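Thanks for coming. I'll put the structure up and then go through its contacts and helix packing.

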Amino acid sequence: MVTGSTQGPPGEGDAVFVISVAAQLSGLHPQTLRTYERVGLITPGRTGGGGRRYSYLDIERLREIAHLTAAGIGIEGVRRILELENAAAALRARNAELAAELEAAREALNQALATRPAVPRSNLPAVPQATIGQSVVVWRRKP
């Protein structure tokens, strides 16, 4: 699916480049791009007629794939590296979400503590009120 808006320049994720331009920008042959798509390393957008359209992000990914394969890494190794990079990015994003939630919870706790009425502090432990028929016995074992 080709994304994009009708106003302004295309964004990083907007699929706008035809395969020949994407091949030129990535330094790869168009057939290599088709192969990478076939093995699942890249998924370009498609026009209504089925033509491939690549985004800036797709071009960057193709350049990364080209760099890894030039370093002697096989296609399966590249796939695994990309999967691990995606997983690490997802974990970083989740970590940031959790840190924001933690900060919000801390802020809410600080606000709740600031607005509660002052209660005299005591070093005694809190003991629930005894109901009728119950009593508390304090005992210690002798050494």
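Start at I75. Not counting residues up to four places away in sequence, I75 touches Y36, V39, L41 and T69. Please keep in mind throughout that this is a predicted model. I75 is found in helix α4. One of its partners, V39, is 36 residues away along the chain, yet the two C-alpha atoms are separated by 8.6 Å. Is I75 buried or exposed, or in between? Its relative accessibility is 31%, so I75 counts as partly exposed, the range for that class lying between 20% and 50%.

Now take Y36, one of the residues that I75 touches. With its neighbours within four places in sequence left aside, Y36 is in contact with L28, L41, I42, L62, I65, T69 and I75. Y36 also belongs to the largest nonpolar core, where it is among the residues with the most contacts, together with L33, Y54 and L62. How many residues does that core have? The number is 17. The elements giving two or more residues to the core are α1, α2, which is 30-38, α3, and α4, which is 75-115. Of the contributors, α3 gives the most, with 5 residues. As background, nonpolar side chains in soluble globular proteins tend to be buried together.

Next, I42, which is on the contact list of Y36. I42 lies in the loop between α2 and β1, the strand at 45-46. Its relative accessibility is 2%, so I42 counts as buried, the limit being under 20%. Which residues does I42 contact, apart from those within four places in sequence? They are L33, Y36, E37, Y54, D58, R61 and L62. So that list holds charged residues as well, E37, D58 and R61 among them. For R61, the C-alpha to C-alpha distance from I42 is 7.6 Å, with their positions 19 residues apart in sequence.

A step back to the whole chain. There are 4 helices and 2 strands, and from the N terminus on they run α-α-β-β-α-α. The protein chain has 143 residues, of which buried residues make up 17%. Taking contacts with a separation of 6 or more, 51% are between residues 24 or more positions apart.

That brings me to helix packing. Two packed helices are described by the angle between their axes and the distance between the axes. I have three pairs.

The first pair I'll show is α3 and α4. Their axes come within 10 Å and cross at roughly 130°. The two helices are therefore oblique to each other, and the crossing is right-handed. On the α3 side the contact is made by R61, E64, I65, L68 and T69, and on the α4 side by I75, V78, I81, L82, E85 and N86. By class, that contact has 6 nonpolar, 2 polar and 3 charged residues. I75 appears here again, on the α4 side.

Next, α1 and α3. Helix α1 covers residues 19-26 and helix α3 covers residues 56-70; their axes come within 9 Å and cross at roughly 45°. That makes α1 oblique to α3. Here too the crossing is right-handed. Which residues meet in this pair? From α1 there are A22, L25 and S26, and from α3 there are I59, L62 and R63. Sorted by class, the contact divides into 4 nonpolar, 1 polar and 1 charged.

The remaining pair is α1 and α2. The axes come within 8 Å, with a crossing angle of roughly 100°. That makes α1 roughly perpendicular to α2. I19, A22, A23 and S26 in α1 meet P30, L33 and R34 in α2. The classes in this contact are 5 nonpolar, 1 polar and 1 charged.

One last residue, V21, which lies in helix α1. With a relative accessible area of 29%, V21 is partly exposed. V21 and R53 are 32 residues apart in sequence, and their C-alpha atoms are 9.6 Å apart in space.

To recap the point I began with: I75 is in helix α4, it touches Y36, and Y36 is among the residues with the most contacts inside the largest nonpolar core. That is what I have.

Definitions and conventions. Residues are numbered from 1 along each chain as its sequence is written. This is a predicted model: local features need pLDDT of at least 70, side-chain atom pairs count only at pLDDT 80 or more; totals for chains, interfaces and linings use all residues. Side-chain values use heavy atoms; hydrogens and water are left out. Axes are lines fitted to C-alpha atoms, for helices over the stretch in contact, and angles run from 0 to 180 degrees between N-to-C directions. Angles under 35 degrees count as roughly parallel, over 145 as roughly antiparallel, 65 to 115 as roughly perpendicular and the rest as oblique. A crossing is left-handed if the near helix is turned anticlockwise from the far one by less than a right angle, and right-handed if clockwise. Contact means heavy atoms within 4.5 Å. A nonpolar core is a set of buried Ala, Val, Leu, Ile, Met, Phe, Trp, Tyr and Cys residues joined through side-chain atoms within 4.5 Å. Buried means under 20% relative accessible area, exposed over 50%, partly exposed in between (1.4 Å probe, protein chains only).
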